[in-house]
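Let's take a walk through this one together, from the RNA side to the inside of the protein. Keep the view open and turn it as you read.

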Amino acid sequence: MGKKDKQFVAEITPMEKDFAQWYTDVILKTDLVDYSPVKGFMVIKPYGYAIWENIQKYMDGRFKDTGHKNCYFPLLIPESLLKKEAEHVEGFAPEVAWVTHGGDEELAERLCVRPTSETIICEMYSKWLRSYRDLPFLYNQWCSVVRWEKSTRPFLRTSEFLWQEGHTLHESYDEAQEETLQMLDIYRETAEELLAMPVVVGQKSEKEKFAGAYATYTMEALMHDGKALQAGTSHNLGQHFTTAFDISYTDREGEIKNPYHTSWGVSTRLIGGIIMVHGDNRGLVLPPGIAPIQAVIVPIAAHKGGVIEKADEIFAQFKEDIRTEVDDRENYSPGWKFNEWEMKGVPVRVEIGPKDIENNQAVLFRRDTLEKEIVPLDQLKEKVEGLLEDIQNNLLLKAKHMRDEKTYYVKTFDEMKDIMSNNQGFVKAMWCQERECEDKIKAETGATVRCIPFEQENLGDTCPFCEKEAKVMAYFAKAY
RNA sequence: CUGGCUGUGGCGCAGCUUGGUAGCGCGCUAGAAUGGGGUUCUAGAGGUCGCAGGUUCAAUUCCUGUCAGCCAGACCA
């Protein structure tokens, strides 16, 4: 094999060839995660965790700006609590992990590892709430939860995953509904502005809604392979839990009332979304907003006089405002480093070598378009800052185009079958909203109702799948 | 959970059919040169073949079980 053949592609399976393998190659080779000895449990390595920290930082700020406070509830939940809300247990029981022993002694009541914390939080809320003056409760926690999954993939579906879960109580249904939609909107903005990941927002079908919810709202993103990813959900839980857990308060008129309840969450799954929305055959493409390293400085011929010094100088100039690193490793060639950092998705690369120093310039490379540009040193920082902004915007645009290209309108069941077997992507179609019809679509095409979008379009009067009267327009897709 | 494939130094693989206790490439370590798209030379280190049983004088190789990974379903954030 000649020099020219030894390219990046040798490392990563092209996505057109095998998308699943591409994903696995990318996450392992870019050091985001590793497999642990326990099935379905992943180790998030520093480079992957840094992405999560950036997501956390942004979202935590948004939560606090809207009046929420963080707290922490226990990992273990007594079985009796989990069972209090009937629909909820039924939904989660099959995937719950149980603690049955403390040391050698069997516990009198087994404890489940939280699959989500509604029950334990409601138990505590019932102790805390007394008066309408105490409302609203606006709490959030950052933690991990465990769901014993049958087939797992790092970030997309793991038995343990990191997330945040907000749990709020309100006086009225309207207020709870407003909270539910407000949080979904914050999720949408996070996806679009921070992750450059366009999403469709709307309501889940009865079948797909959260176990125990009155209504579930969701944001759905479309991946490069045409599959949809549920990227975040916000639930209006009505009074289902607050009555089951006997959470009550005295209202303004002196009457005992149950409050209205919401919960909402996003998880490390978002990272899987970023990878599959922006990535290409060279590896990751990280939006500057969450990239652990926004700019990497690669010194060329670093042993020559002044090069390292100049690289350090640029670093010092950048570091306050741009997450920057100097790659001064001596044992790798510049070409090797270029490929390495491209694979790791660093948005901007600064190349600085003897020739540049002579000309008072540096070479800038942007990961999204793979373009190079020569820039005078005195404009370098502002140019990089501009590039980062530009890349962030461009990634969102590109992703929107990709999604639009893979979004279809469907008027007949045959068209739907055709799209699901070939192209794959989002399908917009009218729908009767009946469970039976939903099951049939799933069985015959593999697609599920992703959501009933807030932005409705009228495509006709009949449901193309069962010929009954259509009630709404819905998005359908195969999902992760 | 069902079906298929896989498991051999850090990574990717060969060897197994016809049992006789391991080999290649990359990486790693040391030194030197090189350095603008995965650089070259020299010298080294490193595995008992996922795990547990079984068959056999002898198992990486054959058999059984089990664990883990991948793919496709079913189920689910």
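The surface near RNA strand B is a mixed one by class, with 17 nonpolar, 15 polar and 17 charged residues. Bear in mind as you look around that this is a predicted model. There are 49 residues around RNA strand B, and Ala20, Gly335, Glu351, Gly353 and Lys355 are the ones that come nearest. Which helix gives the largest share of this surface? That's helix 10, with 8 residues. Helix 10 covers residues 334–343, and helix 1 (19–29), helix 11 (354–359) and strand 18 (361–366) are also there, each supplying at least two residues.

Now step back and look at chain A as a whole. Chain A is divided into domain 1 (19–278), domain 2 (295–402) and domain 3 (407–477). Measure by C-alpha centres, and domain 1 and domain 2 lie 38 Å apart. They do touch, though: 9 residues from domain 1 and 9 residues from domain 2 take part in the contact. On the domain 1 side, those residues are 4 nonpolar, 3 polar and 2 charged.

Next up is the sheet. Here 11 strands form an open sheet with mixed pairing, in the order 3-7-8-14-11-10-9-22-23-21-20. Strand 3 (69–70) and strand 20 (407–409) stand at the edges with a single partner strand each, so one side of each has no neighbour in the sheet.

Start from the strand 3 end and move inward. Strand 7 and strand 8 pair in the antiparallel sense, over 10 bridges. To find your place between them, look for Cys143, whose bridge partner in strand 8 is Trp163. Strand 8 also pairs with strand 14 (residues 260–267), again in the antiparallel sense, this time over 8 bridges. There, Thr168 has Thr262 in strand 14 as its bridge partner. Is strand 8 largely enclosed or left open? Of its 11 residues (160–170), 8 are buried, so strand 8 is largely enclosed by the rest of the structure.

Now jump to the strand 20 end. Strand 20 and strand 21 run parallel and are joined by 3 bridges, and one pair to look for is Thr407 with its bridge partner Phe426 in strand 21. With strand 23 (residues 472–477), strand 21 (residues 426–431) runs antiparallel, joined by 5 bridges. Lys428 and Tyr475 in strand 23 are bridge partners here. Strand 21 is mostly covered, too, with 5 of its 6 residues buried.

That brings us to the inside. In soluble globular proteins, nonpolar side chains tend to be buried together. The largest nonpolar core here has 94 residues, and Met197, Ala221, Ile274, Ile297, Val427 and Phe476 have the most contacts inside it. Helix 12 (residues 380–405) gives the most to this core, 7 residues. Take Val427 and see what it touches: leaving aside neighbours within four places in sequence, Val427 is in contact with Tyr408, Val410, Met416, Ile419, Ala447, Phe476 and Ala477. Another core, of 16 residues, lies apart from the largest one, with Ile77, Leu82, Cys112 and Ala244 among its members.

Finally, have a look at some of the loops, where a few residues stand out. Between helix 5 (118–128) and strand 7 (137–146) is the loop that holds Pro136. The peptide bond joining Leu135 and Pro136 is cis, with omega about -5 degrees.

Asp31 isn't a glycine, yet its phi is positive, about 65 degrees. You'll find Asp31 in the loop between helix 1 and strand 1 (33–35). Asp31 counts as partly exposed because it has 13 C-beta neighbours inside 10 Å. Ala301 is another non-glycine with a positive phi, about 50 degrees. This residue lies in the loop between strand 15 (295–299) and helix 9 (307–318), and with 12 C-beta neighbours inside 10 Å, Ala301 counts as exposed.

One last stop is Asn360, in the loop between helix 11 and strand 18. Asn360 has 9 C-beta neighbours inside 10 Å, so it counts as exposed. Even so, not counting residues up to four places away in sequence, Asn360 touches Pro376 and Leu377. Asn360 and Pro376 are 16 residues apart in sequence, and their C-alpha atoms are 6.0 Å apart in space.

Definitions and conventions:
Residues are numbered from 1 along each chain as its sequence is written. Chains are lettered from A and ligands numbered from 1 in the order in which they are written. This is a predicted model: local features need pLDDT of at least 70, side-chain atom pairs count only at pLDDT 80 or more; totals for chains, interfaces and linings use all residues. Domain bounds come from an automatic or database domain assignment. Two residues are in contact if their C-beta atoms, placed from the backbone, lie within 7 Å. Ala, Val, Leu, Ile, Met, Phe, Trp, Tyr, Cys and Pro count as nonpolar, Asp, Glu, Lys and Arg as charged, and the others, Gly among them, as polar. Two strands pair if DSSP finds at least two bridges between them. Helices (H or I, at least four residues) and strands (E, at least two) are DSSP runs, numbered from the N terminus. A nonpolar core is a set of buried Ala, Val, Leu, Ile, Met, Phe, Trp, Tyr and Cys residues joined through C-beta atoms within 7 Å. A residue is buried if 20 or more other C-beta atoms lie within 10 Å of its own, exposed if 12 or fewer, and partly exposed in between; C-beta atoms are placed from the backbone. A residue is near a molecule or strand if its C-beta atom, placed from the backbone, lies within 6 Å of it.
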